[in-house]
Amino acid sequence: MTNYIIALFLGVGFGFALNKVGLTKYHKVANQFRFTDMTVLKFMMTALVVAAAGLYVFRGLGWITFPAVPATYIAGNLIGGLIFGVGMSLSGY
Amino acid sequence: MNRIKAFISQETWSPYVAGVLLGIVGLLAVLLSDALLGASGAFESLAGLVGKKVAPSLFSNTYWGVEGARALPIMRPEITWSVILLVGVVIGGFLGAQSSRTFKFRFNDDAQWKRIFGPQPWKRWVIGFAGAIILEYAAGIAGGCTSGLAISGGMLLAPAAFLFIGGMFVSGIITALIVYGRRY
């Protein structure tokens with residue numbers, strides 16, 4: 001139950017950030033692929049760097065163990081990404 | 001205090017600021033719930049949940065699990081942590097729009113979309129729906145979406161995430177080139 005309440009609150013933070021950065025709008029996502037608006041990359045990479053830095057610090061302090069890392073299967077990840085980009089660029093989601 | 005209020009009520013934040021917020025959220029997910037943020041998985045769990053009720057034999061497979069089998073399903077067809085997270089995302093998006101007083105029911109009001117595809121709302125719905133099916137299908141193959149694989153995997157420095165981002169940009173750019181043509 002506690003876990004679900006945590007999920008709800010984290011979801012609110014996630015949705016809030018997405019809204020504030022404007023990724024709920026078609027043109028923000030579509031323009032990333034035209035390189036006229038770099039919001040998606042700036043947002044994604046900042047989140048990635050902050051979280052990665054924090055995770056390694058927390059692991060160093062012994063607060064967490066890493067959760068299961070998403071499996072690497074080169075063909076699947078790559079082909080999945082290749083199909084994904086079509087949908088993302090087309091619909092702007 | 002007023003400065004904080006003024007900041008929150010801005011319609012758009014710097015992507016770096018919002019990125020830090022998302023990074024902290026992703027970090028807290030691991031710290032508090034030992035979970036990774038993700039969006040696409042929740043839709044798959046919900047689809048499995050509905051599918052198992054409507055067409056149990058069709059949805060009895062390795063992906064959503066077989067009744068009585070020992071092997072764990074790839075996607076659990078139940079209300080998972082991710083599904084609750086998704087509910088939160090919707091609420092968070094609403095609060096974000098409310099805080100800047102920009103919440104409104106919209107059907108098709110993106111100026112750039114109208115320039116490219118025309119003003120008819122049905123086109124937005126059809127292309128949006130088709131695009132979303134492609135997204136979700138691809139996320140199923142790759143093992144996650146922009147949030148579940150690219151960001152959550154990336155913060156664990158998983159090679160899968162960077163393969164996915166590479167593929168996503170290659171086809172995304174090609175698709176944009178086709179859609180925009182000379183206006184690219």
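Two residues are in contact if their C-beta atoms, placed from the backbone, lie within 7 Å.

The model is predicted, so that local features need pLDDT of at least 70 and side-chain atom pairs count only at pLDDT 80 or more, while totals for chains, interfaces and linings use all residues. Residues are numbered from 1 along each chain as its sequence is written, and chains are lettered from A and ligands numbered from 1 in the order in which they are written.

**Exercise 1. Describe chain B as a whole: its elements, its extent and the sequence range of its contacts.**

Solution.
- Step 1. Helices (H or I, at least four residues) and strands (E, at least two) are DSSP runs, numbered from the N terminus. Chain B has 8 helices and 0 strands, in the order α-α-α-α-α-α-α-α.
- Step 2. The C-alpha trace of chain B spans about 55 × 45 × 35 Å along its principal axes.
- Step 3. Of the contacts in chain B between residues at least 6 apart in sequence, 53% join residues at least 24 apart.
- Step 4. A residue is buried if 20 or more other C-beta atoms lie within 10 Å of its own, exposed if 12 or fewer, and partly exposed in between, with C-beta atoms placed from the backbone. Among the 184 residues of chain B, 40% are buried.

**Exercise 2. Describe chain A by its elements, burial and radius of gyration.**

Solution.
- Step 1. Chain A contains 4 helices and 0 strands, and its pattern is α-α-α-α.
- Step 2. The trace of its C-alpha atoms spans about 45 × 35 × 25 Å along the principal axes.
- Step 3. Buried residues account for 51% of the 93 residues of chain A.
- Step 4. The radius of gyration is taken over C-alpha atoms, and the globule rule is 2.2 Å times the number of residues to the power 0.38. A compact globule of 93 residues would come near 12 Å, but chain A has 16 Å.

**Exercise 3. Characterise the contact between the two chains and the largest nonpolar core.**

Solution.
- Step 1. The contact takes 65 residues from chain A and 82 residues from chain B.
- Step 2. On the side of chain B that touches chain A, the elements giving two or more residues include helix 2 (15-33), helix 4 (81-99) and helix 8 (159-180) of chain B.
- Step 3. Ala, Val, Leu, Ile, Met, Phe, Trp, Tyr, Cys and Pro count as nonpolar, Asp, Glu, Lys and Arg as charged, and the others, Gly among them, as polar. By these classes, that side of chain B has 59 nonpolar, 21 polar and 2 charged residues.
- Step 4. A nonpolar core is a set of buried Ala, Val, Leu, Ile, Met, Phe, Trp, Tyr and Cys residues joined through C-beta atoms within 7 Å. The largest such core has 68 residues, and A:F14, B:V25 and B:L85 are among those with the most contacts inside it.
- Step 5. Helix 1 (residues 2-21) of chain A supplies the largest share of this core, 9 residues.
- Step 6. Leaving aside neighbours within four places in sequence, B:L85 is in contact with A:A7, A:L10, A:G11, A:F14, B:L37 and B:A42.

**Exercise 4. Test the length of helix 2 of chain B and state what covers its buried residues.**

Solution.
- Step 1. The expected span of a helix is 1.5 Å times one less than its number of residues. For the 19 residues of helix 2 of chain B this gives 27 Å, and the end C-alpha atoms are 26 Å apart, which agrees.
- Step 2. The buried residues of this helix include B:G19, B:L22, B:V25, B:G26 and B:A29.
- Step 3. Their cover includes helix 1 and helix 3 (39-61) of chain A, together with helix 7 of chain B.
- Step 4. After helix 2 of chain B comes B:D34, whose phi is positive, near 55°.

**Exercise 5. Contrast the settings of B:G96 and B:I74.**

Solution.
- Step 1. B:G96 is found in helix 4 of chain B, whereas B:I74 is in the loop between helix 3 and helix 4 of chain B.
- Step 2. B:G96 is buried because 25 other C-beta atoms lie within 10 Å; B:I74 is partly exposed, with 15.
- Step 3. Beyond neighbours within four places in sequence, B:G96 is in contact with A:G15, A:F16, A:N19 and A:K20, and B:I74 with B:T62 and B:Y63.
- Step 4. C-alpha to C-alpha, B:G96 and B:E11 are 8.2 Å apart in space and 85 residues apart in sequence, while B:I74 and B:V90 are 25 Å apart in space and 16 residues apart in sequence.
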